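Please look over the sequence and the model shown here. A short report on the fold and its pocket comes after them.

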Amino acid sequence: MRRALSLLLVAALGLAGCSEEKAGKKDSYTIGVANFLLSGPYFSGMDAAIAAQAKTKGNVKIVSTDAGGDAAKLAANVEDLLSKNVDAIIISGGPLESAPAALNAIKAAKKPVVLVDRKFATGEYTSWIGPDNEAIGKQDGEFLAAKVKGKVAIIKGGPADNSIGLARTNGLKSVLSTKSDITLVEAPDFGNWGSDGGLTVMEGLLAKHPDLVAVFCENDAMCLGAQRAIASAGKTNQIVLAGVDGQAEALKAILDGTNYVVTGLNSPNVIGKLALDRTVDVLGGAKVEKDTVVPSPQITKDNASQYL
């Protein structure tokens, strides 16, 4: 009888051990990706990079959503992902400053959440991966300070409280505002992070400041639009452009020797891949960094081919 009980106890412990192993580490994972908006090339690139990296794992399924720039829709999408019992959620918040409803729902469900690019002003998260936006702005400022003298315009993406845009512009200002031979001019309207917006804002700037020597945009897409406006005004040889992100079209313009002269790498491809890896590590029980700053090297004609 005692031998039988011992065998039963050993079997029970073995089953318990198997259950714990299955609970701790699964054979496959489903990861939800909650995108605030996919309308811009940067954010669609991030989403694509996450999906591509998941395929390399062989055991990770991605369920991606697009809130179309609506914070309430983002929260609803997160709730929907949780109802599908995803193992973790990656949030690409874009220009959204906070997502309390989404983060609270994820916390209540006891699921890990990894933030990419945007670190929200409030709310709990498992890990964040993104750039040092102020450092990128400083890099652009240092490049322009060595290249031009005169009036430099700033085109912002908006809205007024956008912390990523503010960090980039403040980084630029920290350098150029100390230069006695440079005058800064901020566009009164926002370019809304797009090429068409950059073109429209640039047209307004040229009407008021035809003597501009350089333009800094908070992202490459707006600078590409501004470049078109500058060309239409016949001022390509007068005005140089500096952007942020390392968008392929901007890199080509830099490599081709146009008046687009510098940008700072903020690669959605790199960040997206790292985010997927980070999420899988968390699900596997690894201890990970709370915040990871991704390097943002300066890109000029000298090294643009390397990144293109």
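The text below covers the annotated domain, the two sheets and the largest pocket.

The model is predicted, so local features need pLDDT of at least 70 and side-chain atom pairs count only at pLDDT 80 or more, while totals for chains, interfaces and linings use all residues. Residues are numbered from 1 along each chain as its sequence is written, and side-chain values use heavy atoms, with hydrogens and water left out.

UniProt, in an unreviewed entry, places the feature "domain: Periplasmic binding protein" at residues 31-286; such annotations may be inferred rather than shown by experiment. This span is 46% helix and 20% strand, and its end C-alpha atoms are 17 Å apart. Helices (H or I, at least four residues) and strands (E, at least two) are DSSP runs, numbered from the N terminus.

Two open sheets are listed in the table; two strands pair if DSSP finds at least two bridges between them.

| Strand order | Strands | Pairing |
|---|---|---|
| β2-β1-β3-β4-β5-β11 | 6 strands | parallel |
| β7-β6-β8-β9-β10-β12 | 6 strands | mixed |

In the parallel sheet, β2 (60-66) and β11 (291-294) are the edge strands, each paired on one side only. Neighbouring strands in this sheet are turned by 15° against each other on average, direction ignored. (Axes are lines fitted to C-alpha atoms, for helices over the stretch in contact, and angles run from 0 to 180 degrees between N-to-C directions.) Strand β5 (residues 127-131) pairs with β11 in the parallel sense over 4 bridges, and Ile 129 stands opposite Thr 292 in β11. Helix α4 (residues 100-108) lies across β3 (88-92) and β4 (113-116), at about 165° to β3. Contact here means heavy atoms within 4.5 Å.

The mixed sheet has β7 (182-186) and β12 (298-299) as its edge strands. Helix α9 (residues 248-255) packs on this sheet and touches β10 (260-264) and β12; the direction of α9 makes about 135° with that of β10.

The largest pocket holds about 620 Å³ of space. A pocket is an open set of points on a 1 Å grid over the protein atoms alone, where a 1.4 Å probe fits, with protein on both sides within 12 Å along at least five of seven lines; lining residues have an atom within 4 Å of a point. The volume is the space filled by probe spheres set on the points, which are joined across faces, edges and corners. Of the 34 lining residues, the closest to the pocket centre are Pro 41, Tyr 42, Asp 245, Asn 266 and Pro 268. Helix α2 gives the most to the lining, with 6 residues.
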